[in-house]
Amino acid sequence: ILHLATNAGKTECAAAIVKEYNEQVKMPKVLFLVHRVQLVQQTAKRFQQHLDIPVTIIGAGKKAIPKSGILVATVQTATNVFSETAFEKFLEECNILFIDEFHINRAWMCSRIVKHCLAPMRIGLSGTIKEDNRQKMMHYVGMTGPIIAETRNEELVNLGRSARPLARFLEVNTVNIPKKVGFAASYSLGVVNNDYRNRLVVKEAMRHLNKERRLLITVARIKHGILLKRMLEREMDLPVEFLSGSTPIPVRNTVIDKFKAGKVSVLIASPIFDTGVDIPEIDGWINAAGGRGWELVLQRLGRVLRKKKGDNRVFISDFIDTHSKYLLRHSLARIEHYQNEKIVKIKIVGV
């Protein structure tokens with residue numbers, strides 16, 4: 001396992017390994033597994049930039065299995081062609097197996113492919129592996145072996161390879177949700193449909209825009225993204241786009257290109273942006289989604305730590321949701337995760 005934080009260059013490390021194998025041994029057969037369709041072409045493009053080795057993708061209607069070189073595929077697509085003779089032969093003759101976002105690709109589908117792949121060199125790539133979870137670590141080690149290299153966010157920020165994050169946590173002081181209400185209803189009442197909190201999100205968005213920051217707003221529900229988009233469009237005469245899992249990939253790519261070019265000022269995104277998306281132009285981020293899990297928080301943070309031109313900082317807005325016992329626990333957990341990374345300067349703001 002290569003346990004490398006965002007900006008350490010996981011794909012570039014993989015490309016370097018393949019290059020060395022090609023120069024010292026032979027033209028390898030490489031299987032590179034990703035978990036999302038959007039990452040297939042992005043990963044293939046990165047390999048093509050660095051290597052003079054054939055790169056093939058399967059998915060999006062493409063199913064041709066190469067005789068050598070690099071094969072990039074989603075776990076789902078690889079599973080769909082699992083019984084095909086050409087793919088079985090590729091797995092038998094494979095020299096190097098890479099599993100991207102290893103902490104996600106641990107499902108039974110990935111395990112099945114790994115079990116039948118005879119590659120002697122197997123590498124899991126991830127920035128969020130928790131070694132103290134013994135059950136998960138046993139599964140990880142069983143698939144690829146132990147952690148052999150590690151780079152933390154703190155090191156990358158201190159080197160200037162990643163942006164230094166500054167976070168404002170705004171206290172949400174609105175009507176309390178009854179304690180007897182469960183988490184799902186609390187999230188709906190306290191986050192998605194909470195007008196007071198949503199107006200705070202819009203107010204923070206305007207503050208970032210007044211400082212000429214290109215802004216990403218993260219949501220966890222499609223309805224929440226649509227609500228915030230409508231509220232923002234009423235407040236300003238600037239283009240706002242919302243991307244979710246149902247947005248076709250060509251549309252996503254067009255919107256992202258417009259955002260990078262400065263033609264879109266605000267990008268609202270569902271969890272499709274939690275992993276693998278590379279947009280260094282983001283210099284303001286509002287976490288409207290909340291969340292508490294260490295992996296989730298670190299993955300979302302990693303999306304906005306890409307090195308910036310000029311002022312290498314990213315400005316974050318988050319919330320302390322005091323109006324729900326569940327949401328408050330989540331807020332305090334996020335603060336703790338940020339503090340443990342030793343890179344985020346946190347300011348608590350009363351409203």
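Ala, Val, Leu, Ile, Met, Phe, Trp, Tyr, Cys and Pro count here as nonpolar, Asp, Glu, Lys and Arg as charged, and the others, Gly among them, as polar. On that scheme, the lining of the largest cavity divides into three nonpolar, four polar and two charged residues. The structure is a predicted model. The briefing covers cavities, pockets, nonpolar cores, aromatic pairs and two single residues.

**Cavities**

- The count comes to three cavities of 30 Å³ or more.
- The largest cavity has a volume of about 70 Å³.
- Its lining is made up of H3, A5, G127, T151, R152, N153, W294, L298 and E341.

**Largest pocket**

- The volume of the largest pocket is about 570 Å³.
- It is lined by 22 residues, and Q38, Q41, Q42, K45 and N253 are the closest to its centre.
- Three elements give two or more residues to this lining: helix 2 (37-50), strand 3 (55-58) and helix 11 (249-260).
- Helix 2 gives the most to the lining of the largest pocket, with eight residues.
- By class, the lining of the largest pocket holds nine nonpolar, eight polar and five charged residues.

**Second largest pocket**

- The second largest pocket holds about 370 Å³ of space.
- Its lining has 19 residues, and the closest to the centre are K10, T11, E12, R46 and R306.
- Helix 1 (10-24) and helix 2 are the elements that give two or more residues to this lining.
- Helix 2 gives the most to the lining of the second largest pocket, with four residues.
- Here the class split is two nonpolar, seven polar and 10 charged residues.
- Helix 2 thus appears in both pockets: it gives the most to the lining of the largest and the most to the lining of the second largest.

**Nonpolar cores**

- The largest nonpolar core has 31 residues.
- Within this core, the residues with the most contacts are L216, L267, F273, I279 and L301.
- The elements that give two or more residues to it are strand 8 (164-172), helix 11, strand 11 (266-269), helix 12 (294-303), strand 13 (313-321) and helix 13 (325-341).
- Helix 12 gives the most to this core, with four residues.
- Leaving aside neighbours within four places in sequence, L216 is in contact with L267, A269, F273, I282, G284, W285, I286 and V304.
- Another core lies apart from the largest one; it has 27 residues, among them L33, I58, L91 and I129.

**Aromatic pairs**

- The model has six aromatic pairs.
- In the pair of F32 and F98, the ring centres are 5.6 Å apart and the planes stand at 40°, so the pair is tilted. Tilted covers plane angles that are neither under 30 degrees (stacked) nor over 60 (edge-to-face).
- F32 lies in strand 2 (residues 29-34) and F98 in strand 5 (residues 96-99), so this pair ties together parts that are 66 residues apart in sequence.
- F32 counts as buried, at 0% relative accessibility.
- F98 also counts as buried, at 0% relative accessibility.
- F102 and Y140 form a tilted pair too, at 5.1 Å centre to centre and 45° between the planes.
- This second pair links distant parts of the chain, 38 residues apart: F102 is in the loop between strand 5 and helix 5 (108-116), and Y140 is in helix 6 (residues 134-143).
- Both F102 and Y140 are buried.
- F32, F47 and F98 are linked into a cluster by ring pairs.

**S265**

- S265 is found in the loop between helix 11 and strand 11.
- Its relative accessible area is 16%. Buried means under 20%, so S265 is buried.
- Not counting residues up to four places away in sequence, S265 touches L209, R214, L215, L238, P239 and F259.

**P54**

- P54 sits in the loop between helix 2 and strand 3.
- Its relative accessible area is 43%. Partly exposed is the class between buried, under 20%, and exposed, over 50%, so P54 is partly exposed.
- Not counting residues up to four places away in sequence, P54 touches M27, G69 and I70.
- The C-alpha atoms of P54 and N340 are separated by 42 Å, and the two residues are 286 residues apart along the chain.

Definitions and conventions: Residues are numbered from 1 along each chain as its sequence is written. This is a predicted model: local features need pLDDT of at least 70, side-chain atom pairs count only at pLDDT 80 or more; totals for chains, interfaces and linings use all residues. Side-chain values use heavy atoms; hydrogens and water are left out. On a 1 Å grid over the protein atoms alone, a cavity is a set of points where a 1.4 Å probe fits but cannot get out, and a pocket is an open set with protein on both sides within 12 Å along at least five of seven lines; lining residues have an atom within 4 Å of a point. Grid points are joined across faces, edges and corners, and a volume is the space filled by probe spheres set on the points. Buried means under 20% relative accessible area, exposed over 50%, partly exposed in between (1.4 Å probe, protein chains only). Contact means heavy atoms within 4.5 Å. A nonpolar core is a set of buried Ala, Val, Leu, Ile, Met, Phe, Trp, Tyr and Cys residues joined through side-chain atoms within 4.5 Å. Rings of Phe, Tyr and Trp (its six-membered ring) pair if their centres lie within 6.5 Å; planes under 30 degrees apart count as stacked, over 60 as edge-to-face and the rest as tilted.
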